[in-house]
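User: Please take a close look at the sheet in this model. I would like its layout described, along with what packs against it.

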Amino acid sequence: MPPLLFLLGLAAMIFGAARPHAVTLLPARQETVILAMDTSGSMRAEDIKPNRLAAAQEAAKSFVSGLPARIRVGVVAIAAAAAVVQSPTGNREEVIQAIDRFQLQRGSAIGSGLIISLATLLPEAGIDVEQIVHGRSSRLLLDPPPKAESGKAVAPGSNGSVAIVLLSDGQSNVGPDPMEAAKLAAKHGVRVHTVGIGTTEGTSLGFEGWSMRVRLDEETLKQIANITHGEYFYAGNAVDLNKVYQTLNSRLVMERKKTEITALFAALAAVLAVFSAALSLAWFHRIV
């Protein structure tokens, strides 16, 4: 037995020398989350009961209530123009009230929503929202130039302290290209998790004498998530939507990380070696 334990300890030391890694669940570092929600006219579609917006509001409020108190939450509404309807705050009641105040409007500027969400998360990044969204600079000639960004490249998804959760049917018809906005978020290391609400077959929507068919554009939402190293979730009904937000909640609280476990093997090797020596002394009055 002592020689066997000694050999097992030696094997553990060899494995430890190879610097093995394991994927483990660790507390996430998220400090601020922006909830960007589509409030365009297509969100009145009733392929999700009672309609897309109402279902999204209820699920979003449950999502916000379930986040740890340490995480600040901001809200951006997306229609023909995007706007911050609630600055990042730890007060959950203020966030829920902002979600309840949503009103449907024409147009869907997903790209603008992402740019404004990013600028809200990273106020020191020097993102000129007016220039990107409207083509005119918001800075006066007398304003000091923005701080130069670090020359070191930031890997997509590397900023673990902030995140954007975009809920939309994916149909963008005004404003900057959502893909370009996603690339800017990736450049700053910010993940965008997207939630597709609605059905791919869509439904007919009538308004003021005209009708149109509104479908879920999954491809756009998947590309946004892929570019930023976020995740895409599909919500085909109200029950799915609630499950999606529960999953997102767990993702933001805990995250999978690849961690080196050399110390674990080294400790195992030490325990086996000591146990082997102790048994050898007790039985044979000598160390193997």
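Analyst:
**The sheet and its surroundings**

In this predicted model, six strands form an open sheet with mixed pairing, in the order 4-3-2-5-6-9. Strand 4 (82-89) and strand 9 (232-235) are the edge strands; each has a single partner strand, so one side of each lacks a neighbour in the sheet. On average, and ignoring direction, neighbouring strands are turned by 15 degrees against each other.

Strand 5 (residues 162-168) and strand 6 (residues 191-197) run parallel and are joined by six bridges. Ala163 has Arg191 as its bridge partner in strand 6.

Helix 2 (residues 52-66) packs on the sheet, where it touches strand 2 (32-38), strand 3 (72-78), strand 5 and strand 6. The direction of helix 2 makes about 170 degrees with that of strand 2. Helix 4 (residues 110-121) lies across strands 2, 3, 4, 5 and 6, and runs at about 155 degrees to strand 5.

The largest nonpolar core has 32 residues, and those with the most contacts inside it are Leu35, Phe63, Val165, Leu167, Leu241 and Tyr245. Elements giving two or more residues to this core include strands 2, 3, 5, 6 and 9, as well as helix 3 (92-100) and helix 8 (238-253). Helix 2 gives the most, with seven residues. Setting aside residues up to four places away in sequence, Phe63 touches Leu35, Val165, Tyr245, Leu248, Asn249 and Leu252. Another core, of 29 residues, lies apart from the largest one; among its members are Ile78, Ile127, Val162 and Ala181.

As for confidence, the protein averages a pLDDT of 82, and 84% of the residues score at least 70. Over residues 140-151 the pLDDT is below 50.

Key: Residues are numbered from 1 along each chain as its sequence is written. This is a predicted model: local features need pLDDT of at least 70, side-chain atom pairs count only at pLDDT 80 or more; totals for chains, interfaces and linings use all residues. Side-chain values use heavy atoms; hydrogens and water are left out. Two strands pair if DSSP finds at least two bridges between them. Helices (H or I, at least four residues) and strands (E, at least two) are DSSP runs, numbered from the N terminus. Axes are lines fitted to C-alpha atoms, for helices over the stretch in contact, and angles run from 0 to 180 degrees between N-to-C directions. Contact means heavy atoms within 4.5 Å. pLDDT is the predictor's confidence in each residue, from 0 to 100. A nonpolar core is a set of buried Ala, Val, Leu, Ile, Met, Phe, Trp, Tyr and Cys residues joined through side-chain atoms within 4.5 Å. Buried means under 20% relative accessible area, exposed over 50%, partly exposed in between (1.4 Å probe, protein chains only).
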